[in-house]
Amino acid sequence: MTAPGRTARVTVVPLSLPMRRRQLIVIAVVAALGWSVARALPPPAAPTLQGLAAARGLRWGSAVTNDQLRDPGLRRLVSEQSGLIVPESELKWDGVEAAPGRFDFSAPDRLLAFARAQGLAMRGHTLVWHEQLPAWVKALPPAELDRAMATYIRTVVGHYRGQLPSWDVVNEPIADDGTGLRRSLWLERLGPDYIARALTRAHQADPQAALVINEYGLEGDDAKTARKRQAFLTLLRQLRQSGVPLNAVGLQAHLYANGSGPTTFRTLPAFLRELAALDLDILVTELDVNDRELPAAIPERDRAVAAVYGAFLAAVLPEPRLKLITTWGLSDRTTWLNAFMPRADGLPQRPLPFDEDNRPKAATATIQAALEKR
Ligand code: G3I
């Protein structure tokens, strides 16, 4: 194949030459061509996160928004490194049904179109949550709230029926102090059965979609995490005993590269085994590493963040029921943390695998090495 703008050079080997000499010339010409072709080819691409994950039976994903994807560099990075995307905000109730019965799927549909065009999957996040609810939902009395939930799940999951491999059906149902279920408007108005109702309705709307309960604060070795894990296991066992449709658990895995959050995960493998014993798959759904308490120097910050990625992945990658790892953003430029948990010195956080210019960091190499070991 001649490169565009290049003319092909044709070498004619005279038949009058002895056979052996003709062979030697042909071999020399082919070798020269091969060398020039190899020289023209781009260097073999570095392994991608999705490629390394897929080779080990995992999917690698990242959260994105339509706004973020206006940046061509990020579009390229997400398409190259992720095998799946999840809408960071576009599939939440306040944007999808801002007014009763008025559904607007334009924003999540744009993300799904991007995913399809790039050959990526997209998963659903999230249906029943105590955040990002429209004011009209928050004002509903119990019976109408239950009907609104039923309509919302039937309409939204039905709209994407057969297109999304999994849904975070219920998000963050456990109380932070591990005393049981979070005292959200869902629990207070509908009772603990709201979780089973949400899962059953999602299953009716799309029997093929894997149904997930997504939670944070389950990763570390501290006493508070242990309490929250037990409260979560109690809920999961009740749902299992009642035969409620549920396929997986989402560990959000918002981690911390300092003392104010989990940085060791010695007890995590045993917890994952308890989830697997309930016949549940495990998804890491919102992985990032908060560096807000670390000193400003970037090399030290990046090394500390990479070390937490490494320790966490060493704890979860051996688990056979682990199916997906999704980071909450892919480039530091898009992290939610600068808006929600800014550093005191005002410097941008560096919690993700790629930096603000989409370049790999220490964390990228650590993640690649961890995946290669699986
Ligand atoms: O879209 C509006 C925009 O029109 C408006 O001008 C702007 C200013 O008010 O707000 C925009 O909406 C924001 C939305 O993100 C989209 O950017 C909301 O205010 C803001 O609250 C929302 O924050 C998101 C947050 O969830 C609440 O939904 C974060 O980006 C997102 O990273 C965060 O993600 C959550 C997961 O869904 C659940 N697990 C925890 C995780 C972190 O909190």
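# Exercises around a ligand and its protein

A polar side-chain atom of Gln 252 sits 3.1 Å from a nitrogen atom of the ligand. With the ligand in place, the protein covers 51% of the 790 Å² of accessible area that the ligand has on its own. Keep in mind that this is a predicted model. Let's work through it in a few exercises.

## Exercise 1: The ligand's surroundings

Task: Find out which residues come nearest to the ligand, and how the shell around the ligand divides into nonpolar, polar and charged residues.

Solution. Start with the neighbours. There are 14 residues around the ligand, and the nearest are Glu 88, Lys 92, His 125, Gln 132 and Glu 286.

Next, sort the shell by type: four of its residues are nonpolar, six are polar and four are charged.

Now look for side chains with a polar atom by the ligand. Glu 172 has one that lies 3.0 Å from a ligand nitrogen atom. Ser 89 has one too, and here the partner is an oxygen atom of the ligand, 3.5 Å away.

Finally, place the ligand in the protein as a whole: the space it takes is the largest pocket.

## Exercise 2: Two residues with positive phi

Task: Work out where Gln 132 lies and whether Glu 172 is buried or exposed, then check the phi angle of each residue.

Solution. Begin with Gln 132, one of the residues that come nearest to the ligand. Gln 132 is in the loop between strand 4 and helix 6, which spans 135-138. Its phi is near 55°, a positive value in a residue other than glycine. Its relative accessibility is 38%, so Gln 132 counts as partly exposed.

Move on to Glu 172, whose side chain we met beside a nitrogen atom of the ligand. Glu 172 belongs to the loop between strand 5 (166-171) and helix 8 (185-190). Phi is near 60° here, again positive in a residue other than glycine. For accessibility, the cut-off you need is that buried means under 20%. Glu 172 has 9% relative accessibility, so it counts as buried.

## Exercise 3: Around Asp 168

Task: Trace what the side chain of Arg 123 and the side chain of Thr 126 each meet at Asp 168.

Solution. First, locate Arg 123: look in the loop between strand 3 (121-122) and strand 4 (124-128). Its relative accessible area is just 2%, so Arg 123 is buried. The side chains of Arg 123 and Asp 168 are joined by a polar contact of 2.7 Å.

Then go to Thr 126, which is part of strand 4. Thr 126 is buried as well, because its relative accessible area is 2%. A polar atom of the Thr 126 side chain lies 2.7 Å from the backbone oxygen of Asp 168.

One last thing to spot: the peptide bond that joins His 125 and Thr 126 is cis, with omega at about -10°. And His 125 is among the residues that come nearest to the ligand.

## Exercise 4: Far along the chain, how far in space?

Task: For Val 78 and Leu 330, then for Leu 218 and Ala 253, compare the separation along the chain with the one in space.

Solution. Take Val 78 to start with. Val 78 sits in helix 3, residues 72-81, and its relative accessible area of 1% makes it buried. Leu 330 is 252 residues away along the chain, yet the two C-alpha atoms are separated by 7.2 Å.

Now for Leu 218, found in the loop between strand 6 (210-215) and helix 10. Leu 218 counts as buried because its relative accessibility is 0%. From Leu 218 to Ala 253 you count 35 residues in sequence, and 7.5 Å in space from C-alpha to C-alpha.

## Exercise 5: Two partly exposed residues

Task: Say where Thr 234 and Arg 359 lie, and give a C-alpha distance for each.

Solution. Thr 234 is in helix 10, residues 223-241. At 41% relative accessibility, it counts as partly exposed. Thr 234 and Leu 181 lie 53 residues apart in sequence, with 9.9 Å between their C-alpha atoms.

Arg 359 is in the loop between helix 13 (337-340) and helix 14 (362-373). Its relative accessibility is 46%, so Arg 359 is partly exposed. Its C-alpha atom is separated by 9.7 Å from that of Asp 332, and the two residues are 27 apart along the chain.

Methods
Residues numbered from 1 in each chain as written. Predicted model: local features only at pLDDT ≥ 70, side-chain atom pairs only at ≥ 80, totals over all residues. Heavy atoms only, no water. Near = heavy atom within 4 Å. Polar contact = N/O pair within 3.5 Å; in protein donor to acceptor, adjacent residues only side chain to side chain. Areas by Shrake-Rupley, 256 points an atom, 1.4 Å probe, with all protein chains shown as cover. 1 Å grid on protein atoms, 1.4 Å probe; cavity = no way out; pocket = protein on both sides within 12 Å on 5 of 7 lines; lining within 4 Å. Sits in = over half its atoms within 2 Å of the grid points. Nonpolar A, V, L, I, M, F, W, Y, C, P; charged D, E, K, R; others polar. Helix = DSSP H or I, 4+ residues; strand = E, 2+ residues; numbered from the N terminus. Buried < 20%, exposed > 50% of the residue type's maximum accessible area, 1.4 Å probe, protein only.
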